[in-house]
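Here are my comments on the model you sent, set out as numbered points so that each can be checked against the coordinates.

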Amino acid sequence: GAFDGLTTDEAKKAVTSKLEELNKGGPRITYKLRDWVFSRQRYWGEPIPIYFPVDFPDGIDPTTQNPADDNCEYTIRFDQPIPVAEADLP
C-alpha cells in the first residue's frame with residue numbers, strides 16, 4: 001500500500017496529510033487522563049501505608065494543637081520509615 005515501509009513517525013505524517021488532502025481529517029492531539037490511583041491499584045494491588053516520623057520545634061505538641069495553624073517549621077524524616085503493625089494493615 002501507499003504507506004508500506006514507512007517508519008511510525010513517517011506513517012503518521014503521511015496518513016494525516018492524506019486525510020487533510022481528502023478533507024476527511026487531520027492531525028489532532030487528544031489526552032485521556034486516568035485516575036492513576038485506581039489504575040495503580042488494579043495493576044499492583046492495594047497500597048501499603050508507610051509512616052515517617054515528624055520532628056517539631058520545642059513547645060509544639062501536634063497532639064493538642066495543629067502545627068499548620070501555627071505555621072511552625074517541621075522536618076519529616078523520610079530516611080526513617082516507621083513500620084506499621086501487621087494488625088493495622090488493611
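The points below go from the overall fold to the individual pairs and residues.

1. Overall make-up. The model is a predicted one, and its protein has three helices and two strands, which follow one another along the sequence in the pattern α-α-β-α-β. Of the 90 residues, 3% count as buried. The protein exposes about 8,400 Å², and carbon and sulfur atoms supply 53% of that area. Among the contacts with a separation of 6 or more, 37% are accounted for by residues 24 or more positions apart.

2. Helix α1 and the residue after it. Helix α1 covers residues 8-21, and its length can be checked by simple arithmetic: at 1.5 Å a residue, its 14 residues should span 20 Å, and the end C-alpha atoms are indeed 20 Å apart, so the two values agree. The helix is followed by N23, which lies in the loop between α1 and α2. N23 has a positive phi of about 55° although it is not a glycine, and I would look at this residue in the display. With a relative accessibility of 72%, N23 counts as exposed, because the cut-off for that class is over 50%.

3. A nonpolar patch. On the surface, F3, L6, V15 and L19 form a nonpolar patch whose accessible area is about 270 Å² together. One of these residues, L19, belongs to helix α1, and its relative accessibility of 33% places L19 in the partly exposed class.

4. The salt bridge. The structure holds one salt bridge, in which the side chains of D55 and R77 meet at 2.5 Å, N to O. D55 lies in strand β1 (residues 54-55) and R77 in the segment after β2, so the pair ties together parts that are 22 residues apart in sequence. Both partners are partly exposed, D55 at 35% relative accessibility and R77 with a relative accessible area of 31%.

5. T75 and its contacts. Strand β2 consists of residues 75-76 and contains T75. When residues up to four places away in sequence are not counted, T75 touches P53, V54 and D55; the last of these is also the acidic partner in the salt bridge with R77. The C-alpha atoms of T75 and V54 are separated by 5.6 Å, although the two residues are 21 residues apart along the chain. T75 itself counts as partly exposed, at 36% relative accessibility.

6. The aromatic pair of F52 and F78. How many aromatic pairs does a search of the whole structure find? There are two, and one of them is formed by F52 and F78, which are arranged edge-to-face with 5.1 Å centre to centre and 65° between the planes. Since F52 lies in the loop between α2 (36-44) and β1 while F78 lies in the segment after β2, the pair ties together parts that are 26 residues apart in sequence. The two residues fall into separate accessibility classes: F52 is partly exposed, with a relative accessible area of 29%, whereas F78 is exposed, with 55%.

7. The aromatic pair of F56 and Y74. The ring centres of F56 and Y74 are 6.1 Å apart and their planes stand at 45°, so this pair is tilted. This pair too links distant parts of the chain, with F56 in the loop between β1 and α3 (67-70) and Y74 in the loop between α3 and β2, 18 residues apart. F56 counts as partly exposed at 25% relative accessibility, and Y74 is partly exposed as well, with a relative accessible area of 49%.

8. C72. Is C72 buried or exposed? At 15% relative accessibility it counts as buried, because the cut-off for that class is under 20%. C72 is found in the loop between α3 and β2, and, leaving aside residues up to four places away in sequence, C72 touches F56, P57, I60 and P67. Of these neighbours, F56 is 16 residues from C72 in sequence, and the two are 7.7 Å apart in space, C-alpha to C-alpha. F56 therefore appears both in this contact list and in the tilted pair with Y74.

How values were computed: Residues numbered from 1 in each chain as written. Predicted model: local features only at pLDDT ≥ 70, side-chain atom pairs only at ≥ 80, totals over all residues. Heavy atoms only, no water. Patch = residues over 30% accessible without salt bridge, like charges linked within 9 Å, V, L, I, M, F, W, Y side chains within 5 Å. Areas by Shrake-Rupley, 256 points an atom, 1.4 Å probe, with all protein chains shown as cover. Salt bridge = Lys/Arg side-chain N within 4 Å of Asp/Glu carboxyl O. Helix = DSSP H or I, 4+ residues; strand = E, 2+ residues; numbered from the N terminus. Buried < 20%, exposed > 50% of the residue type's maximum accessible area, 1.4 Å probe, protein only. Contact = heavy atoms within 4.5 Å. Expected span 1.5 Å × (residues − 1). Phe/Tyr/Trp six-rings, centres within 6.5 Å; stacked < 30°, edge-to-face > 60°.
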